[in-house]
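The following paragraphs lead through the model shown below, taking its backbone, its strands, its core and its internal spaces in turn.

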Amino acid sequence: ITAINRKDSDNSSDTIKLDYNALKDFQKQNQYDVTFTQSKEFLRYHVIGRFAYNMVFPIYVSDMDVAIVKRAIMMFIDRHEILRTKYLFENGKVKQRIFENVNEQDFIKTLVSMKGENIEDRLRWEYENSSNQQFDFENDFLISIKIGKLSEESQGILVCIHHAISDARCAEIIQTEIRELYNSIINNRNSELKPLKFQAKEYAYLIKKMSNDSESSAFYKKSIVDSLSLNGTSYSELKKLKKNRYRNKLKTEIKKTQLIEGKELVEIPQAYGHLYNLIPKNNGGHYSFFLKPEELKKLEKISSDYGKSNFVVLLTLFALVNLELKSEKSTRTLIPFSQRITEELNDLIGWMVSEVLVVISISDEMSMKQLVNNVSETIVEASQHRFYHHERILNELNLDLNVLAPELVNYAIVDEEYNADLTSKHIKEKGVKTHFNHSVTFQHYLNCIRIDSVYKLDYLDNHQMEIFWQTFLEKVELLFENSDCLLSQLQKNEVF
C-alpha cells in the first residue's frame with residue numbers, strides 16, 4: 001500500500017501540522033484508542049474470523065549470526081509498541097492493549113534445513129506460507145519473523161506483518177532498523193537510530209484530537225452531490241434504489257458471513273462506516289503494460305509545460321478517458337494519500353495511508369491546462385480531509401462504493417531502472433480479486449512507468465480495457481504535440 005503526498009500533487013510541502021502540545025494531556029491506561037485502520041481490520045476479523053492480509057518481504061544478511069539477529073529483532077520489537085499490541089472490545093469500542101514483557105517465541109521462528117531438500121522450493125513455500133498466515137487479533141501479535149540459514153547463499157530474514165499495522169513505508173523502516181541494530185551489535189557500538197518521539201497510541205490520540213469531522217463531512221457531501229448533479233443524477237433518487245445502498249449491502253454481507261461461519265446472527269453497529277466488501281470477489285481482470293522511455297519523456301515534457309507533477313497529469317488523463325467511457329461530465333476517484341505529515345512520523349510503524357476522494361469535472365470550453373490546474377488544486381483541497389475515511393462517507397450518504405467513487409488511482413516512485421522487456425503486456429482475463437470498478441497503479445521507474453489495471457469484468461471487459469489504454473496513449477501523443485489544446489480536441493467518444 002503506497003501513498004502519494006503533497007509534493008506529488010503540487011510540489012509543495014504539507015500544511016497540516018500535528019499539535020504535539022496536546023500530548024501533555026495524554027495519560028497512561030490499560031487500554032488505548034486505536035487508529036481508524038486498526039479498528040477497521042479488527043472489526044473485519046470480528047465478523048469473518050482470521051484472514052490473511054499481509055506484507056511479506058525478505059531482509060538479506062550475509063555471514064549471518066543467528067543469535068545476534070534474534071537480539072536485533074527483539075530490540076526492534078521493543079522499540080515499536082504497535083508490534084506488541086493485541087486488540088479487544090471495551091464498552092463496544094475497539095481498543096488496543098500493549099504488552100511490555102514479551103518473548104522471542106512470540107515473534108521468531110528459526111528455519112532448519114533438511115537433508116536433500118530443494119532450497120528454492122523451500123524458500124518459495126515459506127514465502128507463500130507467510131503470505132497466507134492468518135493472525136488472531138485478540139491473541140496474536142500482528143508480526144511474525146522467520147530466520148533462516150539454509151545454505152551459504154540462502155540466509156536471512158523473512159518478515160510477515162499484517163496490513164492493519166503496516167503500509168509500504170514500513171518495509172523500509174523494518175529493513176533499515178533491523179540492519180542498523182544488527183550492525184551495532186556486531187561492531188560493538190551504540191545504535192544510530194534516533195529515539196521515537198511518540199508511539200502509535202499517541203498518534204491515534206493526536207489524530208482524534210485534530211480531526212474536524214463535521215467540516216470534512218460537509219465538504220465531501222457537497223462535492224459528491226454536486227458531481228452527481230453535473231451528470232444529471234439526483235442523490236435522493238440514487239438512494240431509493242436498494243442496490244445503491246451501502247448499509248443494506250453490508251448488512252446482507254455480514255448475515256451471509258455469520259451463516260457460513262455458523263455464528264449467531266447479531267447486529268454489529270460498529271461495522272457501519274468502517275467496513276466495505278468483507279471479502280473481495282474474484283470477479284476481475286488484470287491488464288498491465290509499460291509507458292516506454294520515449295513515451296515517458298513525452299509525459300515529462302507535458303508535465304513540465306503545465307508546471308505540475310507527473311502524477312497529476314496521469315490522474316487527469318485517466319479521469320478524462322473514464323469520462324469519455326461513461327459520457328459524463330464529472331467523475332469521483334479515490335487516491336491513497338499519506339498521513340505521514342511530519343518528520344517524526346516517517347519512522348513510525350503503522351498503516352498511515354487514507355484514501356482522499358477527488359472530484360474531477362469538465363466543461364466543453366475548458367483547456368487541458370485548466371483541467372490539470374483544477375485537478376491539482378482539488379487534490380490539495382481534498383487532502384485537508386485525509387483523516388476522514390471513505391468508509392465513513394459511504395455510511396453517511398448510504399451510497400455504495402460503485403456509485404460514490406468507482407475508481408482508485410495509485411502512484412509510486414521506484415528509484416531504479418526496470419530491467420525487463422518493456423514491450424510486454426500481461427492480461428489475466430478472470431479470477432482477480434477486486435474492490436473497485438477500476439483501480440490502477442502507476443509505478444514510476446527511472447526509465448519507464450509500469451501501469452497495472454485491475455477491473456470488474458461486468459464494468460469493462462478485456463477488449464475494452466485495451467481500448468481504454470490505447471486511448472490514454474493517444475492523448476499523451478496529442479498533448480505532446482500541443483499541450484495547450486482544448487478538451488474538445490482530445491475527446492473522441494466514438495472510440496467506445
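In this predicted model, Ser327 is exposed, with a relative accessible area of 60%. Ser327 belongs to the loop between α11 and β8, and its phi is near 55 degrees, a positive value in a residue other than glycine. Most residues other than glycine have a negative phi. Asn188 also has a positive phi, of about 55 degrees, although it is not a glycine. Asn188 sits in the loop between α5 (168–186) and α6. With a relative accessibility of 73%, Asn188 counts as exposed.

The loop that holds Ser327 ends at β8. Strand β8 (residues 330–338) has nine of its nine residues buried, so it is largely enclosed by the rest of the structure. In a regular strand the side chains alternate between the two faces of the sheet. From β8, Ser330, Arg332, Leu334, Pro336 and Ser338 point one way, while Thr331, Thr333, Ile335 and Phe337 point the other way, and all are buried. Strands β8 and β9 pair in the antiparallel sense over nine bridges, and within this pairing Pro336 has Glu355 of β9 as its bridge partner. Strand β10 (residues 407–413) runs parallel to β8 and is joined to it by two bridges. Here Thr333 stands opposite Glu407.

The next topic is the nonpolar interior. In soluble globular proteins, nonpolar side chains tend to be buried together. The largest nonpolar core in the model has 128 residues, and Met368, Phe442 and Trp469 are those with the most contacts inside it. Helix α11 (residues 310–326) gives the most to this core, with 12 residues. Which residues does Phe442 touch, not counting residues up to four places away in sequence? They are Leu314, Val409, Asn410, Tyr411, Ala412, Ile449, Arg450, Ile451, Trp469 and Phe472. Apart from the largest core lies another core, of 12 residues, among them Leu18, Ala22, Tyr203 and Phe387.

Tyr203 also appears in the lining of the largest cavity, together with Thr35, Gln38, Ile82, Ala164, Ala200, Ile349, Gly350, Trp351 and Met352. The structure holds two cavities of 30 Å³ or more. About 60 Å³ of space lies in the largest cavity, and its lining has seven nonpolar, three polar and no charged residues.

The second largest cavity has a volume of about 30 Å³. Its lining consists of Phe36, Thr37, Lys40, Trp351, Val353, Glu355, His389 and Glu391. Two or more of these residues come from each of α2 (36–48) and β9 (353–361), and α2 supplies the largest share, three residues. By class, this lining divides into three nonpolar, two polar and three charged residues. Glu355, one of the lining residues, is also the partner of Pro336 in the pairing of β8 with β9.

Finally, the second largest pocket holds about 750 Å³ of space. Of the 27 residues that line this pocket, Val34, Thr35, Phe36, His274 and Arg392 are the closest to its centre. Thr35 is also one of the residues that line the largest cavity, and Phe36 is one of those that line the second largest cavity. At least two residues of the pocket lining come from each of α2, β3 (93–98), α6 (200–210) and α13 (390–397). The lining of the second largest pocket comprises 10 nonpolar, 11 polar and six charged residues.

Definitions and conventions:
Residues numbered from 1 in each chain as written. Predicted model: local features only at pLDDT ≥ 70, side-chain atom pairs only at ≥ 80, totals over all residues. Heavy atoms only, no water. 1 Å grid on protein atoms, 1.4 Å probe; cavity = no way out; pocket = protein on both sides within 12 Å on 5 of 7 lines; lining within 4 Å. Points joined across faces, edges and corners; volume = space filled by probe spheres on them. Nonpolar A, V, L, I, M, F, W, Y, C, P; charged D, E, K, R; others polar. Helix = DSSP H or I, 4+ residues; strand = E, 2+ residues; numbered from the N terminus. Buried < 20%, exposed > 50% of the residue type's maximum accessible area, 1.4 Å probe, protein only. Pairing = 2+ DSSP bridges. Core = buried A, V, L, I, M, F, W, Y, C linked by side-chain atoms within 4.5 Å. Contact = heavy atoms within 4.5 Å.
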